[in-house]
Amino acid sequence: MKKIVLPILLAIISKCAIAGDDKPIPEKSCINIKSLDVGSRERVYFKGSILRFQQQCWFLPLKAGNKLHIELSDSDGNSAISLYKPGAKISYGSGDLSLFSENDDGSYRNPSNTYTGETIDGASDYDNARNVDTKINTSGNYLMVIGLNRGPGSDFQGFVQIE
């Protein structure tokens, strides 16, 4: 009896494990956004990893009159900064990175977040910014979004400094 039951159990377990590998687990970006403590004049470092359609976000509590400097780097030049002024809104995507993810009605499910609001000059969604140098005119929580401008993914690092 043991000779028959064991191979059957192994076959069932391996089929379940293989069936679960065909679809990535949805992971929404920028759900719990942390603040970077940029109150001192020191460099504050950040780093992370992102895949296509994902982003990582931080709030930067800035005061009017601050001079802001941000630098971003990675090994392949695929990551970019978007910096939104206080009041930016996030419309969360599905986080589903499957090749052809669809809703029940057959419409395409956007895996990526959409950000709306005013950006700092030179650091919009379309600028592919890797460095930001600007003077802050309005106090508040600025939203820094790191995303990809091309490629399948990236490990990135950078720093924020105010004067």
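Begin by selecting serine 73 and showing everything around it: once neighbours within four places in sequence are set aside, the residues in contact with serine 73 are Arg130, Asp155, Phe156 and Gln157. The model on the screen is a predicted one, and the stops below move from this residue to the whole chain, then to the cores, the pockets and two loop residues.

**Serine 73 and its surroundings**

Serine 73 belongs to strand β4, and with a relative accessible area of 31% it is partly exposed, because that class covers values between 20% and 50%. Now add serine 154 to the selection and draw a distance between the two C-alpha atoms, which are separated by 9.9 Å although the two serines stand 81 residues apart along the chain.

**The whole chain**

Zoom out and colour by secondary structure, where 1 helix and 10 strands should appear, in the order α-β-β-β-β-β-β-β-β-β-β when read along the sequence. If you then colour by accessibility, 37% of the 163 residues of the protein count as buried, while the accessible surface comes to about 10,300 Å², with 53% of that area belonging to carbon and sulfur atoms. A contact map is a useful companion here: among contacts between residues at least 6 apart in sequence, 83% join residues at least 24 apart.

**The nonpolar cores**

Next, select Phe46, Leu60, Ile70, Leu83 and Met144, which are the residues with the most contacts inside the largest nonpolar core, a set of 25 residues. Strands β2, β3, β4 (67–74), β5, β9 and β10 (153–162) are the elements that give two or more residues to this core, and the element that gives the most is β9, with 4 residues.

Keep leucine 83 selected and ask which residues it is in contact with, leaving aside its neighbours within four places in sequence. They are Leu60, Leu68, Ile70, Glu118, Thr119, Ile120, Ala123, Val132, Tyr142, Leu143 and Met144. A second, separate core can be picked out afterwards; it has 7 residues, including Ile33, Cys57, Tyr84 and Leu143.

**Valine 145**

Move to valine 145, which is found in strand β9. Is this residue buried or exposed? At 4% relative accessibility valine 145 counts as buried, because the class takes in values under 20%. A distance drawn from valine 145 to cysteine 57 gives 4.5 Å, C-alpha to C-alpha, for two residues that are 88 residues apart in sequence. Expanding the selection around valine 145, and not counting residues up to four places away in sequence, brings in Gln55, Gln56, Cys57, Ala80, Ile81, Ser82, Tyr84 and Tyr115.

**The two pockets**

Turn on a pocket display and go to the largest pocket, whose volume is about 390 Å³. Of the 19 residues that line the largest pocket, Gln55, Ser112, Asp125, Gly147 and Leu148 are the closest to its centre, and they make a convenient selection for placing the camera. Strands β5 (79–84), β7 (114–116) and β9 (140–148) each supply at least two residues of this lining, which by class holds 7 nonpolar, 10 polar and 2 charged residues.

The second largest pocket holds about 250 Å³ of space. Select Cys30, Asn32, Gln55, Gln56 and Cys57 to centre the view, since they are the closest to the pocket centre among the 15 residues of its lining. Two strands, β2 (44–51) and β3 (56–62), give two or more residues to the lining of the second largest pocket, and the largest share, 3 residues, comes from β3. This lining divides into 6 nonpolar, 6 polar and 3 charged residues.

**Two loop residues with positive phi**

The last stops concern backbone torsions, so a Ramachandran plot is worth opening beside the structure, because most residues other than glycine have a negative phi. Phenylalanine 53 has a phi near 75°, which is a positive value in a residue other than glycine. Phenylalanine 53 is located in the loop between β2 and β3, and its relative accessible area of 41% makes it partly exposed.

Finish at asparagine 128, where phi is near 55°, again positive in a residue other than glycine. The loop to look for is the one between β7 and β8 (131–135), and asparagine 128, at 40% relative accessibility, counts as partly exposed.

Terms used: Residues numbered from 1 in each chain as written. Predicted model: local features only at pLDDT ≥ 70, side-chain atom pairs only at ≥ 80, totals over all residues. Heavy atoms only, no water. 1 Å grid on protein atoms, 1.4 Å probe; cavity = no way out; pocket = protein on both sides within 12 Å on 5 of 7 lines; lining within 4 Å. Points joined across faces, edges and corners; volume = space filled by probe spheres on them. Nonpolar A, V, L, I, M, F, W, Y, C, P; charged D, E, K, R; others polar. Core = buried A, V, L, I, M, F, W, Y, C linked by side-chain atoms within 4.5 Å. Buried < 20%, exposed > 50% of the residue type's maximum accessible area, 1.4 Å probe, protein only. Contact = heavy atoms within 4.5 Å. Areas by Shrake-Rupley, 256 points an atom, 1.4 Å probe, with all protein chains shown as cover.
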